[in-house]
Amino acid sequence: RDHVGRHILRALTNTIEEPPLKQEVGLMSPCGFCGHAGVPECTITITVPSSGAPTWETKCIYKHTFRYGSADSGSKNKPCRNLPLKCELC
């Protein structure tokens, strides 16, 4: 998430990547695991229970597991806090 998150931020701020990426990052809601946009498999479904941490599911082939609690606080080795969030508008 940290690595792809940097590519997403660079794409959104029109910062040139050196060396250039093999494939451009999608600009409309890019996937945090692969950077693609508009791919149905990359849709993330988030479930927020009344108690306990949220859970998530995606079929992105680059997904990897993480827990909200540890990802939300970050650490020295993994400072990224790029968490999927449930949209309060939907």
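**Buried cysteines and Thr 58 in the predicted model**

Cys 60 is buried, with a relative accessible area of 3%. This description rests on a predicted model. Cys 60 takes part in no disulfide, and the nearest cysteine sulfur, which belongs to Cys 31, is 3.8 Å away. Because a disulfide requires two cysteine sulfur atoms within 2.5 Å, the distance of 3.8 Å leaves Cys 60 and Cys 31 unpaired by this criterion.

The protein as a whole has 90 residues, of which 27% count as buried. Its secondary structure consists of two helices and two strands, arranged along the sequence in the pattern α-β-β-α. The accessible surface amounts to about 7,100 Å², and carbon and sulfur atoms account for 56% of that area. Among contacts between residues at least 6 apart in sequence, 32% link residues at least 24 apart.

Cys 60 belongs to the largest nonpolar core, a group of eight residues. Three further cysteines, Cys 31, Cys 34 and Cys 42, are members of this core, together with Phe 33, Ile 46, Trp 56 and Phe 66. In soluble globular proteins, nonpolar side chains tend to be buried together.

Cys 42, another member of the core, is likewise buried, with a relative accessible area of 12%. When neighbours within four places in sequence are set aside, Cys 42 is in contact with Cys 31, Cys 34, Thr 58 and Cys 60. A search of the whole structure nevertheless returns zero disulfides. For Cys 42, the nearest cysteine sulfur is that of Cys 34, at 3.5 Å, and Cys 42 is in no disulfide.

Thr 58, one of the residues in contact with Cys 42, is situated in the loop between strand 2 (55-57) and helix 2 (68-73). Although it lies in a loop, Thr 58 is buried, with a relative accessible area of 2%. Its side chain makes two approaches to backbone atoms: the backbone oxygen of Thr 43 is reached at 3.2 Å, and the backbone nitrogen of Cys 60 at 3.3 Å. Beyond its neighbours within four places in sequence, Thr 58 is in contact with Phe 33, Glu 41, Cys 42, Thr 43, Ile 44 and Lys 63. Among these partners, Phe 33 and Cys 42 are also members of the largest nonpolar core. Thr 58 is thus linked to Cys 42 by contact and to the backbone of Cys 60 through its side chain.

Definitions and conventions. Residues numbered from 1 in each chain as written. Predicted model: local features only at pLDDT ≥ 70, side-chain atom pairs only at ≥ 80, totals over all residues. Heavy atoms only, no water. Core = buried A, V, L, I, M, F, W, Y, C linked by side-chain atoms within 4.5 Å. Buried < 20%, exposed > 50% of the residue type's maximum accessible area, 1.4 Å probe, protein only. Contact = heavy atoms within 4.5 Å. Helix = DSSP H or I, 4+ residues; strand = E, 2+ residues; numbered from the N terminus. Polar contact = N/O pair within 3.5 Å; in protein donor to acceptor, adjacent residues only side chain to side chain. Areas by Shrake-Rupley, 256 points an atom, 1.4 Å probe, with all protein chains shown as cover.
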